[in-house]
Structures are given as C-alpha cells and as structure tokens.
Amino acid sequence: MVDTEAAPVKSARKTAGTTAGTTARRGRPSQPAAVQADLLAPAVGTGLAEAAGLLAWYDRHRRDLPWRAKPGETADPYRVWLSEIMLQQTTVTAVKPYFDRFLQRFPTVGDLARAPQEAVMQAWAGLGYYSRARNLHACAQMVVARHGGHFPADIDQLRALPGIGAYTAAAVGAIAFGIPAAAVDGNVERVLARLYAVEEPLPKAKPLFHALAQALVPSARAGDFAQAFMDLGATICTPKRPACVLCPWSAPCMARAAGTAETFPRKAAKKEGTLRLGASFVAVRADGAVLLRTRPPEGLLGGMAELPGSPWTPDGPNGDILAHAPLQARWATLNGTVRHVFTHFPLELTVLRADVPRKTPAPTGMRWVAAAELDTEALPSLMRKVLVKARIEIRPV
DNA sequence: AACTCGTGGCC
DNA sequence: TGGCCAAGAGT
C-alpha cells in the first residue's frame, strides 16, 4: 500500500494545480486527462485501473444483446446507431422490443430515410423523448443524402448528425468503427466517480469524467472497451449495492477502499417541478371511433397524437371546464384522475367522456379514428392512460 | 448554463 | 408509494 491517505478528486483544476512539474505541458486546464491518470495512479491502492483488466472481464461476462455483434463479428453501424439512440436515457429492457420492431419495419438506414415520419413516430410511440424519433428520421435522411447511405467513420462527422451528441458519436465511432473515443454515459460516470472518489458533483464534473475516461481508452478493441465500461456499470458497479467483490477494478477503486462506493457519484440537488392540471375529452362516436388531434411538431410530446383538452397549467382549467370541450355533447366527468409524471413536472388530468351520434363531424384540426385503428396512432403512454380511464380498449405497448 | 424532454421498473 | 434511475441531446 503506497498511500492510504490518497486525496479524492475534487476538481480537475485544483488537483492538477497541485502537481509540480506538470504545468508546463499541461496546456489548458480543461484538458487534464493524462495529468489526472498519472497523478492518481500510484495513490489508488494495490492496482492501476487499466483497459486490459476490464477487457478480460468483458470477454467472460459480456451481455448478449440484440444489437451487439458476436465476438469476432463486425458491428453493423446502422444497428449500433439505432440502438444507441434508443438507449439514450432508456433501459435495455424497454428498448429490446422496439429495436426488434424497428429492424423489421426499417431493415436499412435507407428504408428508414424513405419512410413517412408518421410511420416512424408510430413505431416509436411509448418509448418517450420523441425528439429522438424526429432526429432519428432526419439523421437517416442525412446519412443517405450526404454520406451515400453509410455512417461516417469519423467522430466529428457523426457528432454533426441530428440526435448524435458527444456520447453517441463516441459510442458509434468506437463500437462500429473501432475509433478510440471515450463514450461517457451515466454508467461510466458512476464507475469513474467511484474509481477516483470524485467529490465534484454532476453535472459540473462532466469534463473531468470525459478526461478520466479518455485516458483509459486503449488503442485496440476500443468498441469492446466502450461496451465493457457500460456493462460494468450496468451489472457490477450499480447505483445501489454495487457488487464490488466481482469487480475487475476493485483493487484500484478508491471508493471501494473507503467503503463509500454507494455514495458516488455526487450530484447537485435538482428542483422539483410544480403540479400541472388539465382536462382531456374523450368523444366516442356511435360506431366506436374516437376524436383525436396531433400535437404541434415541437415541444412536449411533439408530433404525437392526443385527446383534445385544455392546456396544462398550475391553476388548471379555470372555471368552466367545458369551455375546452372540442364539441358540444353531454360530457360526463369520470371518477378519479389520470396522473402522469414527466421529467420536469407531474401532471393530473381530469377525463371527460361523451357518446355522440355517428354523423358528428370532426372539428377543425381533429379527426375521428376508428377503434381498430387506434393501434396505428402515435399515442404516447399518457394518452393511453386517458383512453383506459374512459374505458376505450387499446392494446398496451 | 440551466431547462426541456417520457416512460416504466425498482426498492 | 414515491423518489430514483436508465447507453443524453438540443437549446
């Protein structure tokens, strides 16, 4: 044991600044990668975190996932990209059925590019973060138009495509093309936070995590390394009760040594959103058709289908709820409400239902959708809840 | 730099 | 049951 008093990382600048002799070659303080790794290596216990150990672990414990190439196989950039977009802030379990369905409906990036956007939105319905679907479609079209239907094997060119940010560019570059780029997602941040006992809270620590990750990326097997890093976070270095005894990096892990692994990563407190109230109107025609409309293309649930209703506000529909009804009818307020929690605010909807004559025309901007056709609509989960509340039969996503 | 942007599962 | 969390991006 070299030094049991090893100081945890507080910030890139501060730590780097205390290192005599590194300043001259350090360059700007925003790029302390090598400095951090070199500085910490001798101070983190009995071992040094290195790619080889993680890759060896990965060769034995890698997860078998639908979008992942078998050992020795070459990854398909289209599959890698599609899976990475779907996996943004979304669990593997949730993605699997959508990934299979997408591949079936859109076997190639060209098929996806040629498909109507409505078809893409419908296939994405239920997966959330719908700007991803719009950007997915736009990206496919750009890959066809500007890159001849092939994803560019270049981080900057990938990064320039819609829906591809720093993480996804690195992930696709590494996994599909073997580029030694650091794909830093929530898993990697958590692993690094524990490995180096990073006291700096997220999101301020993001540049530091990127630098620490880049310093670990090997020149060979960059794709396996990226996936290994994420597998480690997803299966061993989990948010709660990490399985440190099974971890290939337990020896060099500072938080493990201190017995504080579960307390990392540090995070800045986030404020909670205020409850918003609204009303949804379920008009049911005599033949079973339901009145729907399409939300504006941008913003919350952009481009998705919805039941007509009031705006969602902290005060709710002021006074007369029926002022927001799409048409005149005998509206009945259903017992209870539909509750839904978005990332930044909770929502409570009052649901009203009315049965109307078969010949009732659809108001401007709205459409009647036959009961059997509801499955083909781009209905977000919230609106499915509303339909269920109104006792409209709809197949669960 | 903070906000916006879904959803379902877990403990 | 409710807060936390998941292979983030765009603005």
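# A walk through the structure

Let's start inside the protein: the largest cavity holds about 120 Å³ of space. Select C237, C244, C247, W249 and C253, which are the closest to its centre among the 15 residues that line this cavity. Keep in mind that what you have open is a predicted model.

Now colour the lining of the largest cavity by class. You should find twelve nonpolar residues, one polar residue and two charged ones. Which helix gives the largest share of this lining? It is α12, residues 186–195, with three residues.

**Next stop: the second cavity**

The count of cavities of 30 Å³ or more comes to two, so to speak of the other one, select A181, A182, A183, A213, V217, F225, A226 and F229, which line the second largest cavity. About 40 Å³ of space lies in there. Is the lining polar or nonpolar? Its eight residues are nonpolar, with no polar and no charged residues in the lining. Helix α14, residues 222–235, supplies the largest share of this lining, three residues.

**Stay on α14: a salt bridge**

Keep α14 on screen and add R68 and D231 as sticks. Their side chains meet in a salt bridge, with 2.9 Å from N to O. R68 sits in the loop between α4 (51–61) and α5 (77–86), while D231 is in helix α14, so the pair links distant parts of the chain, 163 residues apart. Side chains of opposite charge can pair when their charged atoms come close. If you search the whole structure, you'll find 14 salt bridges.

**Over to DNA strand C**

Show DNA strand C, then select G163, T168, D185, N187 and R190, the closest of the 27 residues that surround this strand. Which part of the strand does the protein meet? Of the strand C atoms that come within 4 Å of the protein, sugar and phosphate account for 67%.

Here are some contacts to zoom in on:

- N187: a polar side-chain atom lies 2.2 Å from a phosphate oxygen of DNA strand C.
- G163: a backbone N or O atom lies 2.5 Å from a phosphate oxygen of DNA strand C.
- Q89: a backbone N or O atom lies 2.8 Å from a phosphate oxygen of DNA strand C.

Bring the helices back into view. α11 (166–177), α12 and α14 each give at least two residues to the surface near DNA strand C. By class, that surface has eleven nonpolar, nine polar and seven charged residues.

**Follow Q89 to DNA strand B**

Leave Q89 selected and show DNA strand B. A polar backbone atom of Q89 is 3.0 Å from a base nitrogen of this strand. Next, pick L301, H340, V341, T343 and S381, which come nearest of the 19 residues around DNA strand B. Sugar or phosphate makes up 62% of the strand B atoms within 4 Å of the protein, and the rest belong to bases.

Try two phosphate contacts here. For H344, a polar side-chain atom lies 2.9 Å from a phosphate oxygen of DNA strand B. For S381, a backbone N or O atom lies 2.7 Å from a phosphate oxygen of the strand. β4 and α16 each supply at least two residues of the surface near DNA strand B. How many charged residues does that surface have? Just one, next to nine nonpolar and nine polar residues.

**Into a pocket**

Select G128, Y129, Y130, L301 and F342. Of the 21 residues that line the second largest pocket, these lie nearest its centre. L301 should look familiar from DNA strand B. The pocket holds about 430 Å³ of space. The elements that give two or more residues to its lining are α9 (131–147), β4 (332–341) and α16 (381–389).

Now colour by domain: the lining draws at least three residues from each of domain 1 (51–263) and domain 2 (276–389). Colour by class and you'll get nine nonpolar, eleven polar and one charged residues.

**Last stop: backbone oddities**

Zoom in on Y129 again, in the loop between α8 (117–124) and α9. Y129 isn't a glycine, yet its phi is positive, about 45°.

Then look at two cis peptide bonds. One joins L202 and P203, with omega about 0°, and P203 is in the loop between α12 and α13 (206–216). Another joins F264 and P265, again with omega about 0°. You'll find P265 in the loop between α15 (254–258) and β1 (276–285).

Definitions and conventions
Residues numbered from 1 in each chain as written. Chains lettered and ligands numbered in written order. Predicted model: local features only at pLDDT ≥ 70, side-chain atom pairs only at ≥ 80, totals over all residues. Heavy atoms only, no water. 1 Å grid on protein atoms, 1.4 Å probe; cavity = no way out; pocket = protein on both sides within 12 Å on 5 of 7 lines; lining within 4 Å. Points joined across faces, edges and corners; volume = space filled by probe spheres on them. Helix = DSSP H or I, 4+ residues; strand = E, 2+ residues; numbered from the N terminus. Nonpolar A, V, L, I, M, F, W, Y, C, P; charged D, E, K, R; others polar. Domains from an automatic or database assignment. Near = heavy atom within 4 Å. Polar contact = N/O pair within 3.5 Å; in protein donor to acceptor, adjacent residues only side chain to side chain. Salt bridge = Lys/Arg side-chain N within 4 Å of Asp/Glu carboxyl O.
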